[in-house]
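Visitor: I am new to this structure and should be grateful for a close look at a single part of it. Would you please begin with the way two of its helices meet, and then place that part among its surroundings?

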Amino acid sequence: MQELTHYIDGAHVKGTSGRFADVFNPATGEVQAKVPLASADELAHAVDVAQKAQPAWAATNPQRRARVMMKFVDLLNRDMDKLAEALSKEHGKTFPDAKGDVQRGLEVVEYCIGAPELLKGEYTDGAGPGIDMYSMRQPLGVSAGITPFNFPAMIPMWMFAPALACGNAFILKPSERDPSVPLMLAELLEEAGLPKGVLQVVNGDKEAVDAILDHEVIQSVGFVGSTPIAEYIYGRGCSNGKRVQCFGGAKNHMIVMPDADMDQAADALVGAGYGAAGERCMAISVAVPVGDETADRLIEKLVPRIEKLKVGPYTAGDDVDYGPVVTAAAKEKILGLVQSGVDQGAELVVDGRDFKLQGYEDGFFVGAHLFDRVTPDMDIYKQEIFGPVLSTVRAGSYEEALKLAMDHEMGNGTAIFTRDGDAARDFANRINIGMVGINVPIPVPLAYHTFGGWKKSMFGDLNQHGPDAFKFYTRTKTVTSRWPSGIKEGGEFNFKAMD
Ligand code: NAD
């Protein structure tokens, strides 16, 4: 059995706590590795090393730091297949989707190559007589990030790339479900020229997380994961005086207007609802057709598409639409929620409950499900399912559809499908959700914009990546300098009394 490690001071380090978690191959259900779960002492050691390494890194000029990012991009491209394979094997997502996971992280690293420009600061010449004023963006020191299982390459890179480009040291606590890729990323960064100790990977669970939240040297904490944990981390981190940003769960609605291209809407819903087995915080989990006639047409288009979905292991390459979910517990939770939907009166139009994959009976595969006539009081509407289950809530009018999405406590992403520019504009302006798609089902902003939800999908103010990340990982220092007028007419050759 493979025993994974931490990555501290430029080396793989065995866990010493004696506690481990199983890492599964979700396609076969087998335990393929054990990951060490760090104690508070192990975490503290990693922070010590990071604290010692950080000043020299911060003093390295931003252009040189950016060159490390440039080289890192090359290495990510070189090892893309290797990274994607390790990722699929632990997460279960298809091979092309795993490459997408690496790619969307890589794009943020590319953005961070612009650190010298982004860190330039501000200058006012002649703010007063002989007075100039300038603001510098300085690194925080040691920052930490706690990441979820569903994007084990992308989200760590969204955090550590800007943090490092700004001159911080970084402690990454990846998900214990798929920790191999973060360890590989740390190795690649060192190969790219990052000095030892500047990025540490500490594997663990709640014990390591709590040690991060309570460690006084750690200045900022980034978290991505489920809402209850996001809320907990935000509260404890802030009360310990840290800068904290936490991104939580989602329930993303897609409004389908009567004038939408129904084939386009159905294709979009199938990709956004079932891709990655629904394990995306930007997955569409609620379809909201406006009007019964629209709903009937949409369901008619959706059913054959969903029934044709190919579910299988990543080893099947391009021949698979989505893979298994991450653990047996996740599968059980999803099927439990499906049952609650049936019990509470929703209409299960596509029933994937009996899905079995020959040769992979012990894998964590879940068949695709489609519900119609879901109502807002049902658990399948209120809760995030995080599986291949799409719920349809029929709305009587555009206003009703808008209100539905606005009243849900989550506010990560949403979309509207329409041919009416006025409806689209109105929706984008009024909706209280952070990321909006217009005829785009998964509107994940690109690296140079920022990513973040509203309501219970986000705690904090600054978003991930884009210019916000450079604000989050630096603090501003403003210098006011006054140089009184001095000697301007040649040297003084005689002793002069002080005046
Ligand atoms: P999770 O909340 O279970 O775990 C996230 C991280 O928190 C992991 O590193 C885990 O070890 C740690 N953790 C778990 N329980 C903890 C506890 N009690 N105390 C302290 N730390 C704890 O989330 P997950 O299952 O890994 O990921 C799926 C969730 O993440 C979904 O809700 C999804 O919507 C959300 N997500 C959100 C975004 C976003 O940007 N908003 C992006 C991706 C995933």
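Guide: In this predicted model, the crossing of H8 and H9 is right-handed. Helix H8 covers residues 206-214 and helix H9 covers residues 227-239. Two packed helices are described by the angle between their axes and the distance between the axes. For H8 and H9, the axes cross at roughly 35 degrees and come within 8 Å.

The contact can be followed residue by residue. From H8, the participants are Lys206, Val209, Asp210, Leu213 and Asp214. On the side of H9, they meet Tyr232, Ile233, Arg236 and Gly237. Sorted by class, the residues of this contact comprise four nonpolar, four charged and one polar.

From the helices, one may turn to the enclosed spaces of the model. The count comes to four cavities of 30 Å³ or more. The largest cavity has a volume of about 110 Å³, and 15 residues line it. Of these, Gly278, Arg280, Ala283, Ser285 and Phe386 lie nearest the centre of the largest cavity. Its lining is made up of seven nonpolar, five polar and three charged residues.

The second largest cavity has a volume of about 50 Å³. Its lining includes Val224, Phe247, Gly248, Cys281, Asn412, Phe451 and Gln464, together with Met154, Ile155 and Trp158. Helix H6, residues 154-165, gives the most to this lining, with three residues. By class, the second largest cavity is lined by seven nonpolar and three polar residues, with no charged residues.

A sheet completes the surroundings. Strands of a sheet pair through backbone hydrogen bonds, either parallel or antiparallel. Here, an open sheet of three strands follows the order S6-S7-S23, and its pairing is antiparallel. Its edges are formed by strand S6 (122-128) and strand S23 (474-482), each of which pairs on one side only. On average, and with direction ignored, neighbouring strands of this sheet are turned by 20 degrees against each other. Strand S7, residues 131-139, pairs with S6 in the antiparallel sense over four bridges. As one detail of this sheet, Glu122 has Ser135 in S7 as its bridge partner.

To return to the part with which this account began, H8 and H9 form a right-handed crossing, with Leu213 and Asp214 among the residues that H8 brings to the contact.

Notes:
Residues numbered from 1 in each chain as written. Predicted model: local features only at pLDDT ≥ 70, side-chain atom pairs only at ≥ 80, totals over all residues. Heavy atoms only, no water. 1 Å grid on protein atoms, 1.4 Å probe; cavity = no way out; pocket = protein on both sides within 12 Å on 5 of 7 lines; lining within 4 Å. Points joined across faces, edges and corners; volume = space filled by probe spheres on them. Nonpolar A, V, L, I, M, F, W, Y, C, P; charged D, E, K, R; others polar. Helix = DSSP H or I, 4+ residues; strand = E, 2+ residues; numbered from the N terminus. Axes fitted to C-alpha atoms, helices over the stretch in contact; angles between N-to-C directions. Left-handed = near helix turned anticlockwise from the far one by under 90°. Contact = heavy atoms within 4.5 Å. Pairing = 2+ DSSP bridges.
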